[in-house]
Amino acid sequence: MKFVVQVRLFPTPAQEAALADTLRLCNAAANLVSRTAWETKVFRNYDLRLHTYGELKSMGLSAQPAQHVIKKVADAYTTVKAQVKAGIRQPLEKPIGFRKDAAQPFDDRCLSWQIPDRTVSIWTTDGRAKGVRFGCSDPQARALAAYHKGESDLVHRDGLWLLIATCDVPDTDVTDPDGFLGVDLGIANIATTDDGTRHAGNALNAVRHRNRELRRRLQAKRTKSAKRLLKHRRRAEARYARDVNHVISKSIVTEAARTSRGIALEDLGGIRERVRLRKPQRVTLHSWAFAQLGQFIAYKATRAGVAVVYIDPRYTSQGCSTCGHIDKKNRPDQETFCCTSCGFAEHADVNAARNIASRGAVGWAVSHAADDAA
């Protein structure tokens, strides 16, 4: 499986200036290639080289960076074409533009890692910058040393210099699960397991509400200082939510691995289009990073050899985990589940997680019975 390792660079002032000039030149070149692709209607990587490679070399780019610039542009148009085909976005009306500090990929010819010394050597427009320090954790360093493969992206974000590297880790054999840990994803409680563990979303929802109010006030001011503050804070909420999702997903996968169980999750694809909510609830739902949490659980489970199954989410909240009776009246309020048939009572999210765990076990058994028959 592939995962990314993000490390922070600590360049000297001279190295930082060289990196900034490199990104500016690469992205100016990318804009030139993009305009050429738009005007000639040529979007394939190899064909774009024939039209633009010589001009990029004359701008001061070396051979490998020039080819990476062309490939970056070709990949951007390929992505947009796929999004248009999937109905995610409208067709382009002008060439794709690249910010002056947009990320730039480097391969092993342009960038080399010295993991023990925590330094990198990277190509710049001012020559090779050697001994650029970086910081990372010991697990990240071990992953880079053992599994780093392919390109690394140079990123300048919020005043920080980052390198994002791809690591290709061998797949871990999935162990045959002894039951499943059901996980119910929600808004009031971000995640609830059938064991009764609830990861409350109060803190995250409070942060989001506070940020929404702050954005509203700053946008109303329309001053330069307000715009600077908005720009400075635009990623703060996303970073906080990402950290919360990492902590929750690690806890869930660790518990599943400890008890030799798999993980059962709801298939929540398209939930934003399916559910009908009042306007305040819609705002909360659209800012809810449930897809990210599901992805974190899935990749951590894969690395740990824990099985993951996805189940149909219909009626998991209205069905009784004891007798199976389904009725809207089983949910008198958000927190309470009380079966109108057998009288079973439990926290609503815990009851839903138990239903998810049961469906996960059935789904796993059915899929493996089909594999055995084949």
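Let me begin with a definition: a residue is called exposed when its relative accessible area is over 50%, buried when that area is under 20%, and partly exposed in between. With that in hand, R228 counts as exposed, because its relative accessible area is 58%. I should say at once that what we are looking at is a predicted model, and everything that follows should be heard with that in mind.

R228 belongs to helix α6, which runs over residues 224-233, and together with R222, K224 and K227 this arginine forms a positive surface patch.

Let me now step back to the whole chain. The protein has 374 residues, of which 40% are buried, and its secondary structure comprises 11 helices and 14 strands. Taken along the principal axes, the C-alpha atoms fill a box of roughly 80 × 55 × 40 Å.

From the surface I turn to strand β11, residues 262-266, where 5 of the 5 residues are buried. In a regular strand the side chains alternate between the two faces of the sheet. Here both faces are covered, with G262, A264 and E266 buried on one side and I263 and L265 buried on the other. As for its partners, β11 pairs in the parallel sense with strand β8, residues 180-185, over 4 bridges, and in that pairing A264 of β11 has G182 opposite. β11 also pairs with strand β12, residues 308-311, again in the parallel sense and over 4 bridges, and there L265 stands opposite Y310 of β12.

One contact across the sequence deserves a mention in the context of this strand. I263 and A361 are separated by 98 residues in sequence, yet their C-alpha atoms are 9.4 Å apart in space. A361 sits in helix α11, residues 348-373, and it counts as partly exposed because its relative accessible area is 35%.

Next, the charged pairs, of which a search of the whole structure finds 14 that are salt bridges. How far apart are the closest N and O atoms of R261 and E255? In this salt bridge the separation is 3.8 Å, and it is worth adding that the cut-off for such a pair is 4 Å. R261 is buried, since its relative accessible area is 14%, whereas E255, at 23%, is partly exposed. These two residues are also members of a network of salt bridges that links D194, D195, E255, R258 and R261.

A second example is the salt bridge between D138 and R118, whose closest N and O atoms are 3.2 Å apart. This pair links distant parts of the chain, 20 residues apart, with D138 in helix α4, residues 138-147, and R118 in the loop between β3 and β4. R118 is partly exposed, at 23% relative accessibility. A third salt bridge joins R99 and D101, with the closest N and O atoms 3.3 Å apart; R99 is exposed at 54%, while D101 is partly exposed at 26%.

I will finish with two backbone details. K41, a residue other than glycine, has a positive phi near 60°, and this lysine lies in the loop between α1 and α2, where it is exposed with a relative accessible area of 53%. D158, likewise not a glycine, has a positive phi of about 50°; D158 is placed in the loop between β6 and β7 and is partly exposed, with a relative accessible area of 35%.

Definitions and conventions
Residues numbered from 1 in each chain as written. Predicted model: local features only at pLDDT ≥ 70, side-chain atom pairs only at ≥ 80, totals over all residues. Heavy atoms only, no water. Patch = residues over 30% accessible without salt bridge, like charges linked within 9 Å, V, L, I, M, F, W, Y side chains within 5 Å. Areas by Shrake-Rupley, 256 points an atom, 1.4 Å probe, with all protein chains shown as cover. Salt bridge = Lys/Arg side-chain N within 4 Å of Asp/Glu carboxyl O. Lys, Arg positive; Asp, Glu negative; His and termini not counted. Charge placed at Lys NZ, Arg CZ, Asp CG, Glu CD. Buried < 20%, exposed > 50% of the residue type's maximum accessible area, 1.4 Å probe, protein only. Pairing = 2+ DSSP bridges.
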